[in-house]
Amino acid sequence: MRSLARLLVIGTACLLGLTGALPATAQAPAVQLQRIAHGLIHPLQLTHAGDGSGRLFIVEQRGVIRVMQDETILPTPFLDIRDRVTERSEMGLLSIAFHPLYTSNGLFYVNYTTELGGPRRSVIAEYRAWPPSGNVVDRTERIVLEIPQPYTNHNGGLNLFGPDGMLYIGLGDGGSGGDPQNNGQRLNTLLGKILRINVDSGTPYGIPPDNPFVGKQNVRPEIWAYGFRNPWRFSFDRKTQKLFVGDVGQNAWEEVDIVEPGRNYGWRIMEGRHCYNPPSGCSTSGLRLPTAEYGHDVGCSVTGGYVYRGTTMSELRGRYLFGDYCTGLIWILSGGGPWTMSLLVDTTAQVSSFGEDPAGELYVVDYGGRIYKIVPSP
C-alpha cells in the first residue's frame with residue numbers, strides 16, 4: 001500500500017491533470033471496497049439483465065459468462081463460447097449487453113474477438129436465453145456485425161444499450177501504436193468510433209435515421225461519434241442520460257469525455273488536451289477536448305465508470321467514478337461547470353471495469369479475479 005505522502009502527491013497530480021480547470025480543494029467522501037467474489041479468471045465486466053432477478057453477470061476474457069446470485073458464483077456458466085473466442089493480448093470476450101425487453105424476448109448481445117475461420121475481427125453476436133430466467137443458455141448465435149481488426153490491441157469492446165433502446169458499440173482505432181492507419185479520423189471505417197445501431201430492425205441490423213452521418217457520402221452511417229483511440233468502457237448517466245467515455249491514451253495522457261453525436265474527440269490529432277500528430281502546433285478547430293485528463297506520471301490506462309445514482313452513499317450521488325487499470329486509483333468528477341476531479345480511493349485492484357446493479361450501486365471488477373462493491377467507509 002502506498003504511503004500517505006505518496007497518496008497526497010498523487011491526489012495533487014490528479015487535480016493538476018485537468019490543465020488548470022480544477023481547484024485543489026475538491027473533497028471526496030470516504031468509501032472502501034468490500035470483496036464479494038473471488039476466483040474468477042480475468043473478469044472484464046459486471047452487469048445485470050434488468051429482469052428483477054437480482055442476478056449479476058460477469059464476463060471473463062477467455063469466453064465465459066458467469067452468474068452471481070446473492071454474492072455466490074454459480075458453478076455452471078451462463079454461456080461458454082471459448083471455442084469461438086481468441087483470447088490474446090487485448091482480445092477475448094469483452095462484454096455483454098441485455099436487450100431492454102430481455103424479460104420478454106430473452107435476447108442479449110456479446111462482443112468478442114476471434115481469429116477462427118477467417119481473419120482477425122471483432123464480432124457482435126446475438127444470443128437468446130429461453131426462458132429468460134434460466135441460468136444456462138443455448139449457444140446458437142446470430143452474427144449482427146463483424147469488424148476486421150488489423151492488430152491485436154485497441155479493440156474497444158463494450159456493447160451497451162442506451163436509454164433510447166439503441167445498441168452502442170465502442171471500437172478502438174485498430175491497434176499498433178499511434179494509429180498508423182489514421183482510423184480515428186477517417187469516417188469510412190468503423191474503427192476508432194462509437195457506433196449506434198438498431199438491433200430490432202433491418203437485416204442484420206438497422207441504422208437509426210437520426211444518426212449524425214446518415215445520408216452522407218463515403219461515411220459509415222453507424223457512426224455516432226469519432227476520434228477515439230480505445231473507448232474501453234463507457235456509460236450513460238441514469239438521470240441526465242449524458243454519455244461518459246473513458247478513452248485510453250497513447251503514452252502520455254488518459255482522458256474522460258462526455259460524448260455528443262457527430263462530434264470529433266481528437267485522436268490522433270490530440271492525445272488528451274495535447275498535440276500528438278503533429279506533436280506541436282496542431283489545430284483544435286472542430287475538436288471536443290476532454291472533460292478530464294491525467295498524465296502517465298499518475299497512471300497508464302483509464303477505465304471508464306459510472307455516475308453514481310444509488311442510495312447508500314448520498315455524498316457520491318451525481319458524481320462520476322472512474323479509475324486506472326495500472327495503479328488501482330479511483331477518482332470522482334463532481335460539478336459540471338467545470339467538472340472537478342478528486343481522488344476517491346487508492347486500491348490494489350487492476351481495475352478492468354466498473355459495474356452497476358439495478359439499484360445504482362457500483363462495483364469494481366479486478367482483472368486479478370475479484371469483484372468488489374463500493375460501500376461507505378465506517
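This text goes through two pockets, one open sheet and one buried side chain of a predicted model.

The largest pocket comes first. Its volume is about 730 Å³. The pocket is lined by 32 residues, of which Thr47, His48, Leu160, Phe161 and Glu356 lie closest to the centre. Several elements along the chain contribute to this lining. At least two residues each come from strand 2 (43–47), strand 7 (93–98), helix 2 (102–105), strand 11 (159–161), strand 15 (231–236), strand 21 (302–307) and strand 25 (351–356). Of the contributors, strand 15 gives the most, with four residues. Sorted by class, the lining has 15 nonpolar and 13 polar residues, together with four charged ones.

The second largest pocket encloses about 390 Å³ of space. Here the lining has 20 residues, and those closest to the centre are Glu90, Asn230, Trp232, Ser301 and Tyr325. Nonpolar and polar residues number nine each in this lining, and two residues are charged.

Strand 15, which gives four residues to the lining of the largest pocket, also belongs to an open sheet. This sheet has four strands in the order 15-16-17-20, and the pairing is antiparallel. Which strands stand at the edges of the sheet? They are strand 15 and strand 20 (292–295); each has a single partner strand, so one side of each has no neighbour in the sheet. From one strand to the next, the twist averages 15°.

Within the sheet, strand 16 (residues 243–247) and strand 17 (residues 253–259) run antiparallel and are joined by five bridges. One residue pair in this arrangement is leucine 243 and valine 259, the latter being the bridge partner in strand 17.

Beyond strand 17 the chain enters a loop that leads to strand 18 (270–271), and asparagine 264 is found in this loop. Is asparagine 264 buried or exposed? The relative accessible area of asparagine 264 is 7%. Buried means under 20%, so asparagine 264 counts as buried despite being a loop residue. What does the side chain of asparagine 264 make a polar contact with? The partner is the side chain of glutamine 185, at 2.8 Å.

How values were computed: Residues are numbered from 1 along each chain as its sequence is written. This is a predicted model: local features need pLDDT of at least 70, side-chain atom pairs count only at pLDDT 80 or more; totals for chains, interfaces and linings use all residues. Side-chain values use heavy atoms; hydrogens and water are left out. On a 1 Å grid over the protein atoms alone, a cavity is a set of points where a 1.4 Å probe fits but cannot get out, and a pocket is an open set with protein on both sides within 12 Å along at least five of seven lines; lining residues have an atom within 4 Å of a point. Grid points are joined across faces, edges and corners, and a volume is the space filled by probe spheres set on the points. Ala, Val, Leu, Ile, Met, Phe, Trp, Tyr, Cys and Pro count as nonpolar, Asp, Glu, Lys and Arg as charged, and the others, Gly among them, as polar. Two strands pair if DSSP finds at least two bridges between them. Axes are lines fitted to C-alpha atoms, for helices over the stretch in contact, and angles run from 0 to 180 degrees between N-to-C directions. Buried means under 20% relative accessible area, exposed over 50%, partly exposed in between (1.4 Å probe, protein chains only). A polar contact is a pair of N or O atoms within 3.5 Å; within protein, one must be able to donate a hydrogen and the other to accept it, and residues adjacent in sequence count only if both atoms are side-chain atoms.
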